[in-house]
Amino acid sequence: MTEKMDFSLLKTLTNLAGVSGRESAVRACLQERLTPYADEIRTDVLGNLIVYKKGTSDKNLLLCAHMDEVGLMVRYVDDNGFLYFVTVGGIDPRTLLAQRVRVQTKNGPILGVIGTKPAHITTEADRAKAVPLSDLYIDTGLPAGQVHQFVEPGDSVVLDRQYEEFGDGRICAKALDDRAGAFVLAELVRTIKNPFYNIYAVFTVQEEVGLRGATTAAFGIDADLGFALDATGAADIPGCAPQNHIMRVGGGVGVSVIDGRTITPDWLFEGLKQICRQEKINWQVRCAPRGGNDAGVIHLSKTGIPACALSLAARNIHSCVEVSAKSDIEAMFQLVSHVAKNGITK
Ligand SMILES: [Zn+2]
């Protein structure tokens, strides 16, 4: 039986700001939490946090979960103090209207709202079409002079939404993609004793903009096996046919067989399914026509590393209301803990 997970850490992690390339708050939190449990802990050039735990064999296991989240970056401050921005990672502008945000300035976060013209001054034709990103702006409520004093182009911006548990064991939060994976990995480092593998738990940077952190991390580690622990879009919602669901919230940990970047080796896929059946871990197949995660670059590193993504189903992914099931997070934790502890053979 695996240990109980401390979900207060997930709450802390999802509430932190960590847009791609600006992950320092998330890294500091994980570093402080995991230092007592690590045999070695370091940060590499790109900013990946690498936590090493010695195992009982000479085999190395690379586990990646990304610290970064999709977000925004200020590109221009106008004369009236309104902020214009670019997106960082795949955000649908339709999800941004009327949202609260936190602008991460050098003097600390400033609250803002993404403005939108009210129905009173728009036409029916206006309302029928999506507002282009170029028309969206952030209002901080501050006088223009103060905005110019505090906010600079290049400041990152996160969606402002607090972690909530609701419904039947569900979580709603921003950045479940992929603080949930980082949470599972952190809990593995905290709880595992005498693992089979030497564990390299890598909290990666810049996944959302092209798997960049995992690229250099995987190169720097001589891994025998690799996993990405990451969220994936669940389409088990109205308007999506069952054959297009890919993954279901509450359906268990996703064992990925294919996505846009990786095909899991058959022995690894079969071995993982067998463990799930044997250990009574709730699981589902992730068979995704598109998308990718850190496994995409892990398996192509050096002369090749067998790799698989273990996936968490998240509805409304890349929005501030991502929804996942606590039971799926626990199932991911059980599976990865079992593999790290006991090994998996070809
Ligand atoms: Zn992700």
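Two strands count as paired if DSSP finds at least two bridges between them. Helices (H or I, at least four residues) and strands (E, at least two) are DSSP runs, numbered from the N terminus. This is a predicted model, in which local features need pLDDT of at least 70 and side-chain atom pairs count only at pLDDT 80 or more, while totals for chains, interfaces and linings use all residues. Residues are numbered from 1 along each chain as its sequence is written, and side-chain values use heavy atoms, with hydrogens and water left out.

## Strand pairing

Strands β6 (residues 100–105) and β7 (residues 108–114) run antiparallel and are joined by 6 bridges. Together β6 and β7 make a hairpin with 2 residues between them. Within this pair, V101 has G112 in β7 as its bridge partner. Strand β7 is also joined to β8 (residues 138–139), by 2 bridges and again in the antiparallel sense; here I114 is partnered by I138 in β8.

Strand β4 (residues 71–77) likewise pairs with two strands. The table lists the pairings of β4 and β7.

| Strand | Partner | Sense | Bridges | Opposed residues |
|---|---|---|---|---|
| β7 (residues 108–114) | β6 (residues 100–105) | antiparallel | 6 bridges | V101 and G112 |
| β7 | β8 (residues 138–139) | antiparallel | 2 bridges | I114 and I138 |
| β4 (residues 71–77) | β5 (residues 83–88) | antiparallel | 6 bridges | L72 and T87 |
| β4 | β9 (residues 156–159) | antiparallel | 2 bridges | L72 and V157 |

Residue L72 stands opposite T87 in β5 and also opposite V157 in β9. The β4 and β5 strands form a hairpin with 5 residues between them, and G81 in the turn has a positive phi of about 90°.

## Helices α7 and α9

The expected span of a helix is 1.5 Å times one less than its number of residues. Helix α7 (residues 266–278) has 13 residues and should therefore span 18 Å, which agrees with the 18 Å between its end C-alpha atoms. For helix α9 (residues 326–342), with 17 residues, the expected span is 24 Å, and its end C-alpha atoms are 24 Å apart, in agreement.

Burial is assigned by relative accessible area: under 20% is buried, over 50% exposed, and in between partly exposed (1.4 Å probe, protein chains only). In α7 the buried residues are W267, L268, F269, G271, L272, K273, I275 and C276. Contact is defined as heavy atoms within 4.5 Å. The cover over the buried residues of α7 includes β13, β14 (253–258), β15 (283–287), β16 (307–314) and α9. Helix α9 has its own buried residues, including D328, I329, M332, F333, L335, V336 and V339. An α-helix has 3.6 residues a turn, so residues three or four places apart point the same way.

After α7 comes K280, with a positive phi near 55°. After α9 comes G343, whose phi is also positive, near 85°.

## A buried glycine in a loop

G55 lies in the loop between β2 (49–53) and β3 (60–66). Its relative accessible area is 14%, so G55 is buried. Leaving aside neighbours within four places in sequence, G55 is in contact with P195, F196, Y197 and N198. The C-alpha atoms of G55 and K193 are separated by 8.6 Å, although the two residues are 138 residues apart along the chain.

## Pockets and cavity

Both kinds of space are found on a 1 Å grid over the protein atoms alone: a cavity is a set of points where a 1.4 Å probe fits but cannot get out, a pocket is an open set with protein on both sides within 12 Å along at least five of seven lines, and lining residues have an atom within 4 Å of a point. Grid points are joined across faces, edges and corners, and a volume is the space filled by probe spheres set on the points. For the linings, Ala, Val, Leu, Ile, Met, Phe, Trp, Tyr, Cys and Pro count as nonpolar, Asp, Glu, Lys and Arg as charged, and the others, Gly among them, as polar.

The largest pocket has a volume of about 690 Å³. Its lining has 26 residues, with T232, G233, I246, G291 and I317 nearest the centre. By class this lining has 9 nonpolar, 11 polar and 6 charged residues. Strand β13 (residues 225–233) gives the most to the lining of the largest pocket, 4 residues.

The second largest pocket holds about 400 Å³ of space. It is lined by 15 residues, of which T116, K117, T122, D126 and V131 are the closest to its centre. The classes here are 7 nonpolar, 3 polar and 5 charged.

The count of cavities of 30 Å³ or more is 1. The largest cavity has a volume of about 50 Å³, and its lining consists of E69, V70, L159, K174, A175, D177, H318, S319 and E322. That lining divides into 3 nonpolar, 2 polar and 4 charged residues.
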